[in-house]
Amino acid sequence: MARLTMREAISQALWEEMERDPKVFIMGEEVGVWGGTYAVTRGFYDHFGPERVRDTPISEAAIVGAAIGAALVGLRPVAEIMTINFAFVAMDHIVNQAAKLHYMFGGQMVLPLVIRTVGGGGRQLGATHSQTPDAVFAHFPGLKVVAPGTPADAKGLLKAAIRCDDPVLFIEHATLYQLRGEVPEGDYTVPIGRSKVQREGRDVTIVTYSKMLDISLKAAEELAREDIEVEVVDLRTLRPLDMEPVLESVKKTNRAVVVEEGWKSYGVGAEVAARIYEEAFDYLDAPVKRVAQVEVPLPYNRTLEQLALPQVKDVVQAVKEVL
Amino acid sequence: MHLSEPKQVEMFWMMLLARRLDERAWVLHRQGKIAFHISGIGQEAAQVGAAFALRRGEDWVVPYYRDLALMLCLGYTPREFMLSLMGKREDPSSGGRQMPSHWSLRRVNVVSHSAPVATQTPHAVGVALAIKLRREDKVVLTTIGEGATSQGEWYEAVNWAAVHRLPVVFMVENNGYAISEPVEKQMAVEGAAARACGLGLEGVAVDGTDALAVYAAVARSVEKARSGEGPTLIEARMYRLTPHSSDDDDRTYRTREEVEAAKRRDPLLRMRQHLEAQGWLTPEGLERMEAEAKALVEDAVDYATRAPYPAPEEAAYPVFSAEVRRG
């Protein structure tokens, strides 16, 4: 096992898949000469050339639209949208086209498309540059939505996404690129649509993903010092949502907290909590608690921004409230 | 459309002040005192030229994030700029809520914009539509980088304005780069002005390092807009002398030789030489201006540094209109 950063793990996945399959290519704003806004594709342009690492104009709708076209005829594009905030100008292509074409054509064509993008706040980039609208995209049947929280999962899930015949929205977190973790050697994939227990515990189940996994694990460490053992389940994929490990855990701990970075209203926590109520109500000893972002457009000022985002102490407090 | 000597000297002063403020912003960022800066260095001439062609404070302006010089011409102050960079409560654009250089200044009819580029263009067209519906004697100036003219929204908005003959002037500040991507990776035509031909409005390319040339082009377009003859697309060509923002290193995508060559066409230098040749700017006069700019920059930095941050509870409002500022 090597210890890699999230950035290195994602970059390796792309590199290896491009080496493995000539049908895989990358396109997006700044991905080529500059190597990507978050430096994930640095070195790719020189190695794979401008045909397979294509710098595009600032045209998010055209980036996704053209990637859909290329995928429909058999290529495996990895389209990069610089930040998920800019995906809104490509919304029609993502939710009306990519998510529906396979179904609407009666399965005649597949859409092996990956849209890589970056979400999340915490870098003082203001309200239209820092959102976590993952739940919005996870709402649409036909679109797989993946959001890894560890380097090993990021690498394995991205490789799985590139090999997948369905459109996958792959959401990286803006503040996780430097996060280090053990990554298996050699070629491996992590299946899309499988949640995973990232820490075992008997007292309370935390359900989370992406950046909030890191926050939740830190909270779990803190709680362990007070002899509260938290089990942390990482969703990893928001659609299709794998509730099995969540339900198994809740049946063991009888208490659950859902931690997400996005807003609480109509969010991931709402969905997960509803499913727990539907499928494990009788096992619960307390109402499910949700931790989420304060419901404001995210402010630029660092103090205000951090106040609006969920912190370790918020998770610790929520866990204590369900005990 | 002749501009008097004092007007031309004032133009130079605005360019100089914008430059010195902008340079200080870079220093503050390198010192770790601000989180982000996006620069307008190299674009001051076009911005000042355009501003002087407006009825400032009456006409509407829907700018983009490089328009510091334009904003100063409209009455934005050095202190306000520094407050915005530092995310302070008094920042008039947003009270520390919006990124710096995403201007908003109601008192002089400046509308804020969003980080996804070209989203401001349809807004500007909407403002122009309102002006026309209300039969007001006003125009809208909206600016944008050339890279953003690849966005579908930009075409939709410009097309609208042309169809409805709206009183709006679209100024593209073509600084040669969209972050790292040069113009030829963004468009197959020579420049953004050529994009007008398929949309049914006049497209004019002008040297964006020449404040007077830009003034003349914008003044003519403003007059046209005011008299009901519809929109114009102006492309001001210049060079972005700095990296895209404080988050990138331009050495990875362009040569130093290219940047050095562009510095010889620095718009500030050009305006200065023009004024000197006219005998309107003496070495002493320039020294006075530099001293005044330095004093204003120092004052702004001091003021903003001492100014309070927003209170924690200010993060929570105003999300809806009933929640007017409580502080």
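A residue is termed buried when its relative accessible area is under 20%. By that criterion, 61% of the 327 residues of chain B are buried in the predicted model. The surface that chain B exposes amounts to about 13,100 Å², and carbon and sulfur atoms supply 52% of this area.

The secondary structure of chain B consists of 10 helices and 7 strands. Along the principal axes, the C-alpha atoms of this chain fill a box of roughly 55 × 50 × 40 Å. The radius of gyration of chain B is 19 Å, which agrees with the value near 20 Å for a compact globule of 327 residues. Contacts in chain B were also considered by sequence separation: of those between residues at least 6 apart in sequence, 74% join residues at least 24 apart. Chain B carries 40 positive and 45 negative charges, and the mean positions of the two sets lie 3 Å apart.

In chain A, the surroundings of a single residue were examined. A:Thr5 belongs to strand 1, which spans residues 2-5. Its relative accessibility is 5%, so A:Thr5 counts as buried, the limit for this class being under 20%. When neighbours within four places in sequence are left aside, the residues in contact with A:Thr5 are A:Pro151, A:Tyr177, A:Gln178, A:Leu179 and A:Arg180. A:Thr5 is thus a buried residue of strand 1 with contacts that include A:Pro151 and A:Tyr177.

Conventions:
Residues numbered from 1 in each chain as written. Chains lettered and ligands numbered in written order. Predicted model: local features only at pLDDT ≥ 70, side-chain atom pairs only at ≥ 80, totals over all residues. Heavy atoms only, no water. Helix = DSSP H or I, 4+ residues; strand = E, 2+ residues; numbered from the N terminus. Rg over C-alpha atoms; globule rule 2.2 N^0.38 Å. Buried < 20%, exposed > 50% of the residue type's maximum accessible area, 1.4 Å probe, protein only. Contact = heavy atoms within 4.5 Å. Areas by Shrake-Rupley, 256 points an atom, 1.4 Å probe, with all protein chains shown as cover. Lys, Arg positive; Asp, Glu negative; His and termini not counted. Charge placed at Lys NZ, Arg CZ, Asp CG, Glu CD.
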